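Work through the exercises below with the model open beside you. Each task is followed by a stepwise solution.

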Amino acid sequence: MPRPKADIDPKKVFELARIGCSGDEIATVLGCCRSTIYRRFQDQLDRGRDDMRTSLRRWQYMKAREGSVPMLIWL
């Protein structure tokens with residue numbers, strides 16, 4: 001008899017990926033193994049990470065527009 005699936009909220013996976021958590025960190029927080037996260041929630045991981053990168057780019061752009069020399073050099 002197979003083991004029952006872990007009850008994991010996909011929204012939590014998305015939110016953790018959105019703040020930059022690794023697959024291992026997400027698995028630890030949610031109490032499951034890393035492979036479960038990657039196997040069942042790849043879409044949430046991808047969307048969360050894409051959202052994080054978009055937010056970072058937006059903040060970088062805003063800082064550059066404010067005249068931040070280090071950010072202008074970085075970009």
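**Exercise 1. Find how Arg-53 and Asp-50 are placed in helix α4, and how their side chains meet.**

Step 1. Locate the pair. Arg-53 and Asp-50 are both in helix α4. They are 3 residues apart, about one turn of the helix. Helices here are DSSP runs (H or I, at least four residues), numbered from the N terminus.

Step 2. Check the side chains. Arg-53 and Asp-50 form a salt bridge, with 2.6 Å from N to O. The term requires a side-chain nitrogen of Lys or Arg within 4 Å of a carboxyl oxygen of Asp or Glu.

Step 3. Check the exposure. Arg-53 is partly exposed at 37% relative accessibility. Asp-50 is also partly exposed, at 39%. The classes are buried (under 20% relative accessible area), exposed (over 50%) and partly exposed in between, with a 1.4 Å probe and protein chains only.

Before going on, note the ground rules. The model is predicted, so local features need pLDDT of at least 70 and side-chain atom pairs count only at pLDDT 80 or more, while totals for chains, interfaces and linings use all residues. Residues are numbered from 1 along each chain as its sequence is written, and side-chain values use heavy atoms, leaving out hydrogens and water.

**Exercise 2. State what the confidence values say about the chain.**

Step 1. Take the average. The mean pLDDT of the chain is 92. pLDDT is the predictor's confidence in each residue, from 0 to 100.

Step 2. Take the coverage. 100% of the residues reach 70 or more.

Step 3. Rank the elements. Helix α5 (residues 69–74) has the lowest mean pLDDT, 84. Helix α1 has the highest, 97. Where pLDDT is low, predicted coordinates should not be read in detail.

**Exercise 3. Describe the packing of α1 against α4.**

Step 1. Get the geometry. Helix α1 covers residues 10–18 and helix α4 residues 42–65. They pack at an angle of about 35°, and their axes are 7 Å apart. Axes are lines fitted to C-alpha atoms over the stretch in contact, and angles run from 0 to 180 degrees between N-to-C directions.

Step 2. List the contact residues. From α1 come Pro-10, Val-13, Phe-14, Ala-17 and Arg-18. From α4 come Gln-44, Leu-45, Arg-47, Gly-48, Arg-49, Asp-51 and Met-52. Contact means heavy atoms within 4.5 Å.

Step 3. Sort them. The contact has 6 nonpolar, 2 polar and 4 charged residues. Ala, Val, Leu, Ile, Met, Phe, Trp, Tyr, Cys and Pro count as nonpolar, Asp, Glu, Lys and Arg as charged, and the others, Gly among them, as polar.

Step 4. Zoom in on one residue. Gln-44, in helix α4, is buried, with a relative accessible area of 15%. Gln-44 touches Pro-10, Val-13, Phe-14 and Ala-17, not counting residues up to four places away in sequence.

**Exercise 4. Which residues does the network of salt bridges link?**

Step 1. Start within α1. Arg-18 pairs with Glu-15 in a salt bridge, the closest N and O atoms being 3.4 Å apart. The two residues are 3 apart in helix α1, so about one helical turn separates them.

Step 2. Cross to α4. Asp-51 forms a salt bridge with Arg-18, with the closest N and O atoms 2.4 Å apart. This pair links distant parts of the chain, Asp-51 in helix α4 and Arg-18 in helix α1, 33 residues apart.

Step 3. Join the pairs. Glu-15, Arg-18 and Asp-51 are linked in a network.

Step 4. Add the exposure. Arg-18 is partly exposed at 36%. Glu-15 is partly exposed at 38%, and Asp-51 at 22%.

Step 5. Close the count. There are 6 salt bridges by this rule. Side chains of opposite charge can pair when their charged atoms come close.

**Exercise 5. Are Thr-36, Ser-55 and Arg-57 buried or exposed?**

Step 1. Take Thr-36, in helix α3 (residues 34–40). Thr-36 is buried at 9% relative accessibility. Thr-36 touches Ile-8 and Phe-41, not counting residues up to four places away in sequence.

Step 2. Take Ser-55, in helix α4. Ser-55 is buried, with a relative accessible area of 13%.

Step 3. Take Arg-57, also in helix α4. Arg-57 is exposed at 54% relative accessibility. Arg-57 and Arg-47 are 10 residues apart in sequence and 15 Å apart, C-alpha to C-alpha.
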